[in-house]
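Reader: I would like to go through this structure step by step, beginning with its charges and then turning to its fold and a few residues. Could you take my questions one at a time?

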Amino acid sequence: MKNDEEFRAAIAGKQVPILVLDQKWHRLFAVHGKTEEIKEAEGTLNALLARQGKLNTDLKGYKVLKNKLMDSIVQNMEGTTETHLNAAREKKLDEDKRLIEEVNQKISDAEDELLELPRQICDVNNELLMRSLDYFYDKLRVNQEESKEIEEWINQVRIDLKKNIIRKQNRDINNREIYAYLHDILGPDVLDLFDIRYEQT
């Protein structure tokens, strides 16, 4: 990719898994570990996911609280008309209404943030993907270069091995020829004496 915009355009509309939740993605770093850039993006993504989880939990709590407050209002209003509310009930109703307004604001804020979080998560996840791809394609390139160097070394060793096998065979043939020639000239008795002599030195 020439630049980030081309990369983003290339992955637009594609289902990219949330990398920090994917064990295969983590296993890719088992040998060499993660760069600081990748760790930074990973931390940001984890924080956004944690925030999303907390907001969802908070939202459920707010809705439960709102229902309790609504029930309290209904209970305090049953059997009376507004003009006949005693001071304690009226105070309780006012407090419940105030709390409901606060809870409604918190629900609204949480829902607004929850609407925005998936885009932020997607953006950071794509950034993490891009950094990961840069990292791994660099590893692929280095591995390929090293593999080529090793292959060239192996090929040279094979050539050297073949040459040395031939040289060894030539030395062995030469030794047999020398020994056979000396055997024919000197005979086995004399040659045995020289064998003993040269084996001792």
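Reader: How far apart are the mean positions of the positive and negative charges of the chain?

Author: The model is a predicted one, and the values that follow are computed from it. The chain carries 32 positive and 40 negative charges. When the mean position of each set is taken, the separation between the two comes to 2 Å.

Reader: What pattern does the chain follow when it is read along the sequence?

Author: The secondary structure of the chain consists of four helices, with zero strands. Reading along the sequence therefore gives helices alone, in the pattern α-α-α-α.

Reader: Why is the chain described as more spread out than a compact globule?

Author: For 201 residues the globule rule gives 17 Å, and the radius of gyration of the chain is well over that value, so the chain is more spread out than a compact globule. The C-alpha trace spans about 145 × 40 × 25 Å along its principal axes. The radius of gyration itself is 42 Å.

Reader: What share of the residues in the chain is buried?

Author: A residue counts as buried when its relative accessible area is under 20%. The accessible surface of the chain comes to about 15500 Å², and carbon and sulfur atoms account for 55% of it. Of the 201 residues in the chain, the buried share is 20%.

Reader: Is the pair formed by the rings of Trp25 and Phe29 stacked or edge-to-face?

Author: The structure holds four aromatic pairs. In the pair of Trp25 and Phe29, the ring centres are 5.0 Å apart and the planes stand at 70°. Planes over 60 degrees apart count as edge-to-face, so the pair of Trp25 and Phe29 is edge-to-face.

Reader: Which residues do ring pairs link into a cluster?

Author: Two of the members are buried, Trp25 with a relative accessible area of 6% and Phe29 with one of 5%. Ring pairs join these two to further aromatic residues, and the complete cluster is Trp25, Phe29, Tyr135 and Phe136.

Reader: What distance separates the C-alpha atoms of Asn56 and His183?

Author: Asn56 belongs to helix α3, which covers residues 36-77, and at 36% relative accessibility Asn56 is partly exposed. His183 is 127 residues away from Asn56 along the chain, and the C-alpha atoms of the two are separated by 99 Å.

Reader: How far apart in space are Arg89 and Met77, C-alpha to C-alpha?

Author: Arg89 lies in helix α4, made up of residues 87-200, and is partly exposed, with a relative accessible area of 26%. Arg89 and Met77 are 12 residues apart in sequence, while in space the C-alpha to C-alpha distance is 8.1 Å.

Terms used. Residues numbered from 1 in each chain as written. Predicted model: local features only at pLDDT ≥ 70, side-chain atom pairs only at ≥ 80, totals over all residues. Heavy atoms only, no water. Helix = DSSP H or I, 4+ residues; strand = E, 2+ residues; numbered from the N terminus. Rg over C-alpha atoms; globule rule 2.2 N^0.38 Å. Buried < 20%, exposed > 50% of the residue type's maximum accessible area, 1.4 Å probe, protein only. Areas by Shrake-Rupley, 256 points an atom, 1.4 Å probe, with all protein chains shown as cover. Lys, Arg positive; Asp, Glu negative; His and termini not counted. Charge placed at Lys NZ, Arg CZ, Asp CG, Glu CD. Phe/Tyr/Trp six-rings, centres within 6.5 Å; stacked < 30°, edge-to-face > 60°.
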